[in-house]
Amino acid sequence: MSDKKAQLTVDGIDGTIEMPVLSGTLGPDVVDVGKLTGKGLFTYDPGFVSTAACESKITYIDGAKGQLLHRGYPIEQLAEQSDYLETCYLLMNGELPSAEEKREYVETIMNHTMVHESIVNFFKGFRYDAHPMAMMCGVVGALASFYHDSLDINDPEHRRISAHRLIAKMPTLAAMCYKHSKGQPFMYPDNNLGYAENFLHMMFGNPCEPSTIDPIVAKAMDVIFLLHADHEQNASTSTVRLAGSSGANPFACISSGIAALWGPAHGGANEAVLNMLQEIGDESRIDEYVAKAKDKNDPFRLMGFGHRVYKNFDPRSRVMQGICDEVLGAMGAENDPLLRIAKKLEKIALEDEYFVEKKLYPNVDFYSGIIMKAIGIPTDMFTVIFATGRTAGWIAHWNEMISNPYKIGRPRQLYTGYTQRDYMPLDKRK
Ligand code: CMC
C-alpha cells in the first residue's frame, strides 16, 4: 500500500473523509472507498467504469497503449511463441511451465477430455435448432451435478482438478453442440491429438473415416483459443467471480460466465459481426451502415468496433488480423465477398472522423469471425469458441479469488423508487 491518501468532503457531513490510495505494480492508483459506508455514503458507478472490484495478479491491460499482459508476458509473444495449453498453465499457476511440467500438464488435460456418457441425454433434450450458447449454459452447469459432492472448493487440489476438467471438457461439449444441431453422431475425443486439433476432429470428423486436419487451421484455432484465454475483469469474468463469491460450485459459476459472455456487447459480438456483414451484403451499402452507426437516433452500432478498455488498438486484433490473412490465403478465400466488405468497412471506419474521435478500433471479434467462417465454423458457434478459450481465464480468476480472503460480492444501489407507503386493500384500488 502507498502512503497516498484521498480526501473527500461532502455537503452535510462534518470534516474531511480520508481514504487510503492503493498502488498496484502497474496501472492507475485505486482509491479504497470501503469505509465510506460507515459515513452513510455509497459510491455510484453504473457499468463499473471507474471501479476496481478486486485485486488480481493474472492479467494487465493498458487500454491507452494497447497492451495486454498475462502474468507479465505480452499477448503478442504468447501468440507467437506459446500455445493455448501452456497459456492456460501460465494463467492458473503464475509461471510458464518447465518442459516436464508442460508435458505432464498437456497429458493431464488430454486425459480429462471425455464427458460422462449421461451428458448425451442432456443434448437429447435440446431442440435440433437450439442456440449452441443456450446448450453450453445448460451442459456446463450440468457438469456441477457430476462433480459436486466430492468437491471441496477450499481444497487447492480439488480446485486444480476442477480447472483441468473444465479446460479439457469445454471443446468436447462445444463440438457436441455442433453435432447435435447437424444431427450427426457425437465424436469421442482423440487424446493423441493436440488440443485444437482434437476440437476440429470432434467438430468436423465422423466415425466412418479418419479425420484430416489442416495444420494451418489447427494452428489458427489454437491461437484463437489463446487470444481469448483471459481479459481481466470483463463482464463474464466478473460474473464468474460474483457467482463464485457465494461459494457456489465452480462448474455452475462457469455456466454463469457463459451466460454473461453470450450478449452482443461482449462475446456475442463475433457472431454479430458476421450477421452485420451479411446484412450489409454489398460493398455499395457500407456508407449507409457507417452513417447508421453514427446516427445518434439509430441504435445500430458497427459490431466488432470499440472497446471499453482499449482506446488505441486491441493488441489481440492485430494478431488476429495476421492469422486472418494467413488462413484466408491458405484456403484461397481472399476474394470472399464478406471479407471484401469487412476490409472496406475497416478502412472506412479507421479513417472516419467519428470513429477516430471516439477511438473506436476493430476489436478481436472483428477478425475472429472472419477466420472462423473461412474454417467452416457456423456463425452461431463463434461465441461458443470464445467461451471455450475464456474458460482458462474464468477458472484462473475463480481460483485466485477462492485462494485468498474474499467476501461475497454485494453491490449497493442508488434507490429512486417509492418511499414507504401503506398497503392498499384490493377493493380500495382504482
Ligand atoms: N459503433 C458506433 N458507435 C459506437 C460503437 C460502435 N461499435 N461503439 C461505441 N460507439 C459510440 C457510442 O455510441 C458512444 O457515443 P457517444 O459518446 O456519442 O454517446 C461512444 O462511442 C462510447 O460508447 P460506449 O457504449 O459508452 O462505450 P463502452 O465502453 O460502454 O462500450 C462496447 C464498449 C464494446 C460495448 C461498444 O464499443 C460496442 O457496443 N461495440 C460493438 C460491440 C462489440 O464489438 N463488442 C465486442 C467487444 S470486444 C470483445 C469482448 O470484450 O467481449
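Visitor: Hi! What is the lining of the largest cavity like, by class?
Guide: Its lining has 4 nonpolar, 3 polar and 2 charged residues. Bear in mind that this is a predicted model.

Visitor: Which residues line it?
Guide: Gly306, His307, Tyr310, Phe313, Asp314, Lys359, Tyr361, Pro362 and Asn363 line the largest cavity.

Visitor: And what volume does the largest cavity have?
Guide: About 30 Å³. The structure holds 1 cavity of 30 Å³ or more.

Visitor: Back to Lys359 for a second. Where is its place?
Guide: Lys359 sits in the loop between H15 and H16. Its phi is near 55 degrees, a positive value in a residue other than glycine.

Visitor: What do residues other than glycine mostly have for phi?
Guide: Most of them have a negative phi.

Visitor: Is Lys359 buried, exposed or partly exposed?
Guide: Lys359 counts as partly exposed, because its relative accessibility is 40%.

Visitor: New topic: helix H14. How many residues does it have?
Guide: Helix H14 has 15, from 337 to 351. From first C-alpha to last, H14 reaches 22 Å, close to the 21 Å expected.

Visitor: Which residues of H14 are buried?
Guide: Those are Leu338, Leu339, Ile341, Ala342, Leu345, Glu346 and Ala349. They cover an arc of only 155 degrees around the axis, so they lie on the same side of H14.

Visitor: Which residues are exposed on the other side of H14?
Guide: There, Pro337, Lys347 and Glu351 are exposed.

Visitor: Cool. What covers the buried residues of H14?
Guide: The cover includes helices H11, H12, H13, H15 and H16.

Terms used. Residues are numbered from 1 along each chain as its sequence is written. This is a predicted model: local features need pLDDT of at least 70, side-chain atom pairs count only at pLDDT 80 or more; totals for chains, interfaces and linings use all residues. Side-chain values use heavy atoms; hydrogens and water are left out. On a 1 Å grid over the protein atoms alone, a cavity is a set of points where a 1.4 Å probe fits but cannot get out, and a pocket is an open set with protein on both sides within 12 Å along at least five of seven lines; lining residues have an atom within 4 Å of a point. Grid points are joined across faces, edges and corners, and a volume is the space filled by probe spheres set on the points. Ala, Val, Leu, Ile, Met, Phe, Trp, Tyr, Cys and Pro count as nonpolar, Asp, Glu, Lys and Arg as charged, and the others, Gly among them, as polar. Helices (H or I, at least four residues) and strands (E, at least two) are DSSP runs, numbered from the N terminus. The expected span of a helix is 1.5 Å times one less than its number of residues. Buried means under 20% relative accessible area, exposed over 50%, partly exposed in between (1.4 Å probe, protein chains only). The arc is that of the directions from the helix axis to the C-beta atoms. Contact means heavy atoms within 4.5 Å.
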